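This report introduces a protein structure to a reader who has not met it before. Please keep the sequence and the 3D view at hand while reading.

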Amino acid sequence: METIKLEKLDNLLVIKLNRPESLNAINKRMLSELYQAFSDAQKDNSIRTVLLTGEGKGFCSGQDLKDIENFESFSFYDHLVNYYNPLILKMKQLEKPIIVGINGTCAGAGISLALAGDIRIAKKSSKFTLAFSNIGLITDSGSSYFLVKLIGISKTLEILWTNEVLDSQKALELGIVNRVVEDEVFEKEILEFSIKIANGPTKAYGISKRLLNKIEELTLIEVLELEAQYQEVLGKSEDFKEGIRAFLEKRKPEFKGK
Ligand code: T3D
């Protein structure tokens, strides 16, 4: 891979965006490589969680503005529909946890990428800016959808129109990130957190992701039915049996993700 680094740490796949000279700006190659990495993670049963983070001082500065040769002939529509959107959907549809470790600057489509993950942990010194309207664009690659769900229409419009640079504490207060970690311990803490999740009951985590991500399209009656159907499946899983055994034997469960 040219634009991302992959490292397998037991059952955790670490994906590092690897174009640090541009704060990990996204080019076509990176979009294809990320799509491939998430597709492979879906097929590989030994991978039980993905940690997505960035190399260097940025997490991701969004679309590589130097990669577009001719803006006149460039089709934003084709680019989004063929490259960005499939990746965002692939991440949302992956039935395994995706932890995003935001290690620095996060801008434009970098925010979309972070929001397509499930849990975001930010390094304290990270900065967030939508950047889209700086160049006369709107939120894309899912960020309109994710932001409105997380922080509402009015706040999304405010940060989009003003291009306010949010620090990690503000991002936490708004609910854009789940946790903020001191710079010195960031690497250690995102790894520890991800490993803990990777050792959990992966099947239950995957099914809860599937259910919760579509909950707003469903009625209470439909949710009650789906909860019952999915619980029926999980009640037959190896991890459920192990959870019960561990409870009775007063020890910590050793889940296998099955
Ligand atoms: O269809 C489609 O594809 C459209 C999709 C659009 C989605 C989008 O993401 S639109 C938004 C694109 N992103 C931006 O507009 C952000 C542009 N960058 C910035 O505004 C600033 O760089 C930051 C606020 C992110 C960080 O500022 P700072 O001062 O910390 O760093 P810097 O010095 O500006 O950047 C460091 C280097 O990274 C610099 O390179 P140089 O001059 O040292 O060689 C800079 O040019 C480069 N860089 C930063 N962002 C990008 C970039 N290079 C290419 N593309 C970037 N997005």
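The sections below treat strands, a helix, salt bridges and a surface patch in turn.

## Basis of the report

The structure is a predicted model. Residues are numbered from 1 along the chain as its sequence is written.

## Strand β5 and its partners

Strand β5 covers residues 98-102, and five of its five residues are buried. Ile98, Val100 and Ile102 point one way from the strand, while Ile99 and Gly101 point the other way. Residues on both of these sides of β5 are buried.

Strands of a sheet pair through backbone hydrogen bonds, either parallel or antiparallel. Strand β3, residues 49-54, pairs with β5 in the parallel sense over four bridges. Within this pairing, Leu52 has Val100 of β5 as its bridge partner. Strand β7, residues 119-123, also pairs with β5 in the parallel sense, over four bridges. Here Ile102 stands opposite Ala122 in β7.

## Ile121 in strand β7

Is Ile121, a residue of strand β7, buried or exposed? Ile121 counts as buried because its relative accessibility is 1%, and the cut-off for buried is under 20%. Leaving aside neighbours within four places in sequence, the contacts of Ile121 include Ile99, Val100, Gly101 and Ile102, which are residues of β5. Ile121 is also in contact with Arg179, Val181, Phe186, Ile190 and Phe193.

The C-alpha atom of Ile121 is separated by 27 Å from that of Leu137, a residue 16 places away along the chain. Leu137 belongs to the nonpolar surface patch described in the last section.

## A four-stranded open sheet

Four strands form an open sheet with mixed pairing, in the order β4-β6-β8-β9. Its edge strands are β4 and β9 (166-167), each of which pairs on one side only. Between strand β6, residues 105-107, and strand β8, residues 127-129, the pairing is parallel and runs over two bridges. In that pairing, Cys106 stands opposite Phe128 in β8.

## The buried side of helix α4

Helix α4 spans residues 143-151, and among its residues Ser143, Phe146, Leu147 and Ile151 are buried. These four lie on the same side of α4, because they cover an arc of only 95° around the axis. An α-helix has 3.6 residues a turn, so residues three or four places apart point the same way.

The buried residues of α4 pack against four other helices: α2, α3 (109-115), α5 (153-162) and α6 (168-174). After α4 comes Gly152, which has a positive phi near 90°.

## Salt bridges

Side chains of opposite charge can pair when their charged atoms come close. The structure holds 18 salt bridges. One of them joins Arg19 to Asp64, with the closest N and O atoms 2.8 Å apart. This pair links distant parts of the chain: Arg19 is in the loop between β2 (12-17) and α1 (28-43), and Asp64 is in the loop between β4 and α2, 45 residues apart. Both Arg19 and Asp64 are buried.

Another salt bridge joins Glu33 and Arg29, whose closest N and O atoms are 2.8 Å apart. Both residues lie in helix α1, four residues apart, about one turn of the helix. Glu33 counts as buried because its relative accessibility is 6%, whereas Arg29, at 43%, counts as partly exposed. A further salt bridge is that of Lys209 with Asp118, where the closest N and O atoms are 2.9 Å apart. This pair too links distant parts of the chain: Lys209 lies in helix α8 (residues 202-213) and Asp118 in the loop between α3 and β7, 91 residues apart. Lys209 counts as buried at 9% relative accessibility, and Asp118 counts as partly exposed at 23%. In addition, salt bridges that share partners join Glu242, Arg245, Glu249 and Arg251 into one network.

## A nonpolar surface patch

Which residues make the nonpolar surface patch of about 430 Å²? The patch is made by Leu65, Phe71, Phe76, Ile135 and Leu137. Of these, Leu65 is placed in the loop between β4 (58-60) and α2 (76-93). Leu65 counts as partly exposed because its relative accessibility is 45%.

Note on methods
Predicted model: local features only at pLDDT ≥ 70, side-chain atom pairs only at ≥ 80, totals over all residues. Heavy atoms only, no water. Patch = residues over 30% accessible without salt bridge, like charges linked within 9 Å, V, L, I, M, F, W, Y side chains within 5 Å. Areas by Shrake-Rupley, 256 points an atom, 1.4 Å probe, with all protein chains shown as cover. Salt bridge = Lys/Arg side-chain N within 4 Å of Asp/Glu carboxyl O. Buried < 20%, exposed > 50% of the residue type's maximum accessible area, 1.4 Å probe, protein only. Arc of directions from axis to C-beta. Contact = heavy atoms within 4.5 Å. Pairing = 2+ DSSP bridges.
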